[in-house]
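Okay, everyone, thanks for squeezing in. Let me put the structure up and then walk you through a few spots in it.

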Amino acid sequence: MEITIRISGAQGEGVESAGRLVALSLAKLGYHVFAFRQYASIIKGNPTMFYQIRASDKKIYSHGRWNSYDVLVALNKNALAAHEGRAKYVIYDSADRQTPQRAGEIPVPLTDYALKAGNKIMRNTVAVGALMGLLGADISVLAGLLKREFGEKGEKIAEQNIQAAQMGMDHAAKTAGSAWSFSKAGEQKLLMSGAEALAVGSILAGMRFYVAYPMTPASPIMHFLAEAGPKFGVAVVQAEDEIAAINMVIGASFAGVRAATGTSGGGFDLMHEGFGLAAMIETPAVVFLSQRGGPSTGLPTETEQADLLMSLAPSHGEYPHAVIAPYTIEDGLYAAAKAFNIAEKYQIPVIVATDLYFNESLATVDDIDWGRFKIERGQLVTSPVVWEEYKRYKLTDDGISPRTIPGVPGGMYVATSDEHDERGDVITDRHLPEIRKAMHEKRMRKLAKVVEEMEGPASFGSGEIALVTWGSTAMPVLDLLSQRRDLAAVVFRDIYPLNREAAAKALDGGRALIDVELNREGQLAVYLKRELGVEFKRRVLKWWGEPFSVDELSELV
């Protein structure tokens, strides 16, 4: 059993809270759920924003269809006019249309019931109640969520919302009956956003300091950590800007604390110099790069994957770093943990590349693999050393040198952005090309070790046409594969440094390769062409703020 629901209305009408309530209700009933919202960069207005929820008794990865859905819940006239033609059932305020125009319309006096319950603001709660009645769900799950949602505002507010939901449910049951039977399907499932997955994965990986300047779509990471982080010993700071944020990460990490920041493309532009500093002084740093439409301010609340090439070579000069792009919400847990281990073991900065679609979508997570959160700190020296003998940037075969933190007896050293020798002493006051050459080679040798930990692309399906993609675009691609047996998918997650042997093997086999990305230039294809000489039959690209949908992809490939 599967259903796709779209709740639409103006920002400020409670579309998001209604969508989350529905998604949480279905997850608590044991269904696989995916939810995604489309909204504008304003607080109120945009009368046709929407929240799309998809639920199934089978594993799903994305919001599914774009051009049709089973139920539309319209909270105003504009939303009704904009979306009703794509829906089988339509729930709307009877004040917006007196007489139904076709089968499947379910007019509900949303405003009247809300006022009767106590406040017009509860129109969205009435609508959710009507929807759950149409789905054949019991009121108890929704009632429990309403108590949790509004309990802090007082028992009266919670009871009023439950009354509003019950009136909506009773009305829908009386006028339309139950079109589905969404009874309990199994044990309740954990529902989280991509941002929450990154945050939880970071906490489990031992992160104890997070600093950021607010920027959509990275801000939800900070919002979640600001509330949950202190309970697990995580200090959370809102910096004055992105430059301060990256430098505070370096400072915390220099002191031995696992630290991270998060931003979007414009903010990361400001972090480039600090990113290079982390590489030069060989201090771990993790940056969650949450992409949106650019350049400049671009599309603050719409998704895109146009920062891949920038992430391969941020800052200036040559230096080792890594790029990881989780491709499901659950994978965000593990990608965050891996980023911290790689950053600390190899003393390099690491980018975790996501986008708005990943960060702000909700998905149910099944069995978490707790064994993937092992903390590996590499050559971190905590015992006393002999200062006269200690070389922080010692030349080694693998490029990794012993790292002390402040307070370790004898472990003092100079950490500077200037080129330096093995002890950290600056060499820019002289011409010492041999030392420069040796230190630069030492740092770059780390990449050979990092690549050993970079997994090859994941392969799915056995069709003769392979869709090659990365990051969140894999989610609708994986759903498409369940419908199209003629297709396969090759999904890149550990992007830089590239595991060339594994990548070449995954792309080999004589299949036609189609590049699928959310950017205009096909940046993954450009990268793979450069690294492996890969030729693509064609490219399926999109760069206007929307994620791919399953029905759209099916037509395009």
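So, let's start at strand β12, residues 322–324: two bridges join β12 to β20, and the two strands run antiparallel. If you want one pair to click on, take I324, whose bridge partner in β20 is D494. And before I go on, remember that this is a predicted model.

Now zoom out to the sheet. We've got an open sheet of seven strands with mixed pairing, and the order goes β9-β8-β10-β11-β13-β12-β20. Which strands sit at the edges? Those are β9 (235–238) and β20 (494–496), each pairing on one side only. On average, neighbouring strands are turned by 20° against each other, if you ignore direction.

Next, two helices on that sheet. Helix α9, residues 242–254, packs on the sheet and touches β8 (209–212), β9, β10 (259–263) and β11. The direction of α9 makes about 165° with that of β10. Then there's α12, which packs on the sheet too, touching β10, β11, β12, β13 (349–355) and β20. For α12, the angle with the direction of β11 is about 140°.

Keep α12 in view, as we move on to empty space. How many cavities of 30 Å³ or more does a search of the whole structure find? Just one, and its volume is about 70 Å³. There are 13 lining residues, and the closest to the centre are S253, V257, R258, A259 and P284. β11 (285–291) and α12 (329–346) are the elements that give two or more residues to the lining, and α12 has the largest share, with three. By class, the lining has seven nonpolar, two polar and four charged residues.

Last bit: backbone oddities. As a reminder, most residues other than glycine have a negative phi, and most peptide bonds are trans. Here, a cis peptide bond joins T216 and P217, with omega about 5°; P217 is in the loop between β8 and α8 (219–228). Another cis bond joins G294 and P295, omega about 0°, and P295 lies in the loop between β11 and α11 (308–312).

For positive phi, look at E282, at about 55° although it isn't a glycine. You'll find E282 in the loop between α10 (265–280) and β11. Buried or exposed? E282 is buried, with a relative accessible area of 0%. Q347 also has a positive phi, near 55°, and lies in the loop between α12 and β13. At 0% relative accessibility, Q347 counts as buried.

That's my tour, so over to you.

Definitions and conventions. Residues are numbered from 1 along each chain as its sequence is written. This is a predicted model: local features need pLDDT of at least 70, side-chain atom pairs count only at pLDDT 80 or more; totals for chains, interfaces and linings use all residues. Side-chain values use heavy atoms; hydrogens and water are left out. On a 1 Å grid over the protein atoms alone, a cavity is a set of points where a 1.4 Å probe fits but cannot get out, and a pocket is an open set with protein on both sides within 12 Å along at least five of seven lines; lining residues have an atom within 4 Å of a point. Grid points are joined across faces, edges and corners, and a volume is the space filled by probe spheres set on the points. Helices (H or I, at least four residues) and strands (E, at least two) are DSSP runs, numbered from the N terminus. Ala, Val, Leu, Ile, Met, Phe, Trp, Tyr, Cys and Pro count as nonpolar, Asp, Glu, Lys and Arg as charged, and the others, Gly among them, as polar. Two strands pair if DSSP finds at least two bridges between them. Axes are lines fitted to C-alpha atoms, for helices over the stretch in contact, and angles run from 0 to 180 degrees between N-to-C directions. Contact means heavy atoms within 4.5 Å. Buried means under 20% relative accessible area, exposed over 50%, partly exposed in between (1.4 Å probe, protein chains only).
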